[in-house]
Amino acid sequence: MSVLGGTYAGTADAVGHYSPFAGVHTVAAAHPEAAPADVGLLESPFGAGLTGELRDRTEETAAELLETLRDEDFAEALEQLVDEAAARHVAQQAAWSAAPPEAESWTALEEWLEPLAEASERAIDGLADSVRSTDVHAMSGGDLESFLASAGEAASLGSEGFDQFLGGLLQKAKQVVKGAVNLAKKGVAAVGRILPIGPLLDKLKALVRPLLQRVLGAALNKLPPSVQSIAKALAGKLGLGERETASGADPVSGLSEELDLQLASLLLAPDTFDEMVETAEWETGPDGGGRDRLADLDGARTRLARQLTDLPAGTRPSAEIEQFIPAVLAVQPLIKLGISIIGRDKVVRFIADRVADLIKGIIGADAARAISQPIVDVGLRMLGFEVAPDQEQALAGEALASTVEGTVLRLLELPPAAFEDQLQLDGALQQAFAEAAAAYLPDRLLRADLPERETAGEGGVWVLMPRAARPRFRFRRYTRTFLVPVSRQLARCVPWSDGGTLETHLLDRGVERWPVQAEVHLYEALPGTHLGHFTQDEAAGARSPDSGEYEYLTPEIAGLLVGEPALGRARSASGTEAGRPRPQAGDRFFRVRVPGMPPRSRRYRRMLVRLDASGQLRVLLRLSERQAQQILTRLAGAASTGQRDLPSVLLALQGQYRRTLPAVLAARLLKRSLIADPGQARVAADRVVAALTAGLSNFLNKNAAQLASAVSDPADGVTITLTVTGLSRQTLAADLPPAHVGVQPGRQGRG
């Protein structure tokens, strides 16, 4: 029988939908109407003059303190811990024939983190002992910096993730000490009660275990809603208003920001912080996030997969799809305003009816055999999996359920207005279903002329993984592994999340000759995916990958790397700054593997940007040891010939920031309200970049020997700090003077 046949005859005034499977024709139903909502406001009895001055002073102080506490390396250390915990959790699930009790799994993860918790508490106690025996309030700024640099010690725990967390936490504790001293000297007690430093560090130490609990909560997608509300409340008390914190969009990325808000509250509003701690449940646990919505989705996906292959051929599975859709909606962090206005139940029925008409021609046992065979032949067997005959029907059901799920997730990306217009929603649904079918069903089932096909010829198929953990799937993998000769020119065009490119990534890993033969593996995020989940890919090889090896697969990168742009997706994560990727449902990723290439070394951001409330900008360029030695070779070669090859050194340093810094600076200028218009912000950012380049040029002409001396130091790599002061709306309207340049051995960045 043909699984692509079948039609549906509608009424005369129906809106038709055309299936990607040829011949399946569906009918639209009436669309619900939206209802308005009223909002009431309360009027304050206080005059603006009474509260405005204190509020402005507190906000300025808090903003400056938060910028001091900000540490991108520590934020990435937290995210790496989340990824490692997520990988351990899914590995535990894969090792059990049935899901282990959640409390038992949580306890195992707590035991894994216990050495880190104990070491963190010891490190803070050590710092507190040093501070108690010294009158830090009597120290000058330089003496205090020197004292804090040598005070306290972060012991190595033999784990990169643990060591980065521990070092970053100790540095934050030192910044808290420095902040307390500076606030006391400035007489900022008017905005709060300045605590003695000993009790201040005790309170900081008490935040360690709740923070690690929230790391586990984030890894298991069980962060309680109270965490975000506490962060927003603290921001309000600091005069920052009800701003949207990073945790509002992505709880994982917001963990570091939440800690900074807590530390700022300890310094500026300790009474408010004490009140928060007394009334809030800081610690989470196996049940901390309430209902396990991911587990519900796992069960709903499995149930729908079975139903779509067990139902008689030609059945409209409206009820089954209607039962499944709420499980998808429940795991999304935000529900579109349009759905709320119209009514979720009506939208769910509307989508279920349409998708049921589109999919009814390919359900049932006969269709399952036609779907599963190519998945096995051009899919799992290519990855080294053997599929038992009794499991083949389940594969077909998974593909069909993925098609329904993908359709719903794509619809949730629509703007709210689309849900209020039946024609728009009908067209979007038809498009979303065609895209989902092209992704999750074998190519040979699709129409040859379907524009949504992801590859020009027959490609692979996206399958749910890891197979050992089924039905607790946490990502999809593309079954085709691409063997690609990567030229240096191609590698230079592929951006990397640390601020470099695929070229710098491969060079730092020891690649010496081009082109290099590489394997490219492709992945897709599900709701709740962490980078650590990708490391549990059973087909990845004998060596377990590191979570830092995965990068966003955009259409542009997919076109460059594998010649198939449609396999990429525009990244859904917000923001323009470089940093560790945070998967959102539907995002796609790639991993480049070069056989024989050693494991990556510790991951650093190649560029850090600091812009404080006074208008001082510091840009830290952190060169790897390989890059530093290349510069030293050029400088040494120039000395031997009597000619200076400084232009190539300048070009190499510009390569550290030329690609990403303008967008980062524009975003920072807008955030600091130094520029109001995005277009003007980019123009101003270009002026700042020109000042940085001019400063580098001046430095190389006058102090190239200082750079050579820093490179010769045994420390790993070199840090070049570019400083521009006095940024304001007025100064940014014209050309800026050259930046001041400083050089230090090693890869600096904290403090």
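This note concerns one helix pair and one cavity in a predicted model.

1. Packing geometry. Two packed helices are described by the angle between their axes and the distance between the axes. For helix α17 (residues 389-411) and helix α18 (residues 422-440), the angle is about 140° and the axes lie 8 Å apart. The two helices are therefore oblique to each other, since an angle must be over 145 degrees to count as roughly antiparallel. Their crossing is right-handed.

2. Contact residues. On the α17 side, the contact is made by A399, S402, T403, G406, T407, R410 and L411. These residues meet L425, A428, L429, A432, F433, E435, A436, A437, A439 and Y440 of α18. By class, the contact comprises 11 nonpolar, 4 polar and 2 charged residues.

3. Cavities. The structure contains 6 cavities of 30 Å³ or more. The second largest cavity encloses about 70 Å³ of space. Its lining consists of I375, L395, E398, A399, S402, Y440, V461, W462, V463 and L464. Two elements, α17 and β3 (462-465), each give two or more residues to this lining; the largest share, 4 residues, comes from α17.

4. Character of the lining. The residues that line the second largest cavity divide into 8 nonpolar, 1 polar and 1 charged.

5. Relation between the two sites. A399 and S402 of α17 and Y440 of α18 take part in the contact of the two helices. A399, S402 and Y440 also line the second largest cavity.

Definitions and conventions: Residues are numbered from 1 along each chain as its sequence is written. This is a predicted model: local features need pLDDT of at least 70, side-chain atom pairs count only at pLDDT 80 or more; totals for chains, interfaces and linings use all residues. Side-chain values use heavy atoms; hydrogens and water are left out. Axes are lines fitted to C-alpha atoms, for helices over the stretch in contact, and angles run from 0 to 180 degrees between N-to-C directions. Angles under 35 degrees count as roughly parallel, over 145 as roughly antiparallel, 65 to 115 as roughly perpendicular and the rest as oblique. A crossing is left-handed if the near helix is turned anticlockwise from the far one by less than a right angle, and right-handed if clockwise. Contact means heavy atoms within 4.5 Å. Ala, Val, Leu, Ile, Met, Phe, Trp, Tyr, Cys and Pro count as nonpolar, Asp, Glu, Lys and Arg as charged, and the others, Gly among them, as polar. On a 1 Å grid over the protein atoms alone, a cavity is a set of points where a 1.4 Å probe fits but cannot get out, and a pocket is an open set with protein on both sides within 12 Å along at least five of seven lines; lining residues have an atom within 4 Å of a point. Grid points are joined across faces, edges and corners, and a volume is the space filled by probe spheres set on the points.
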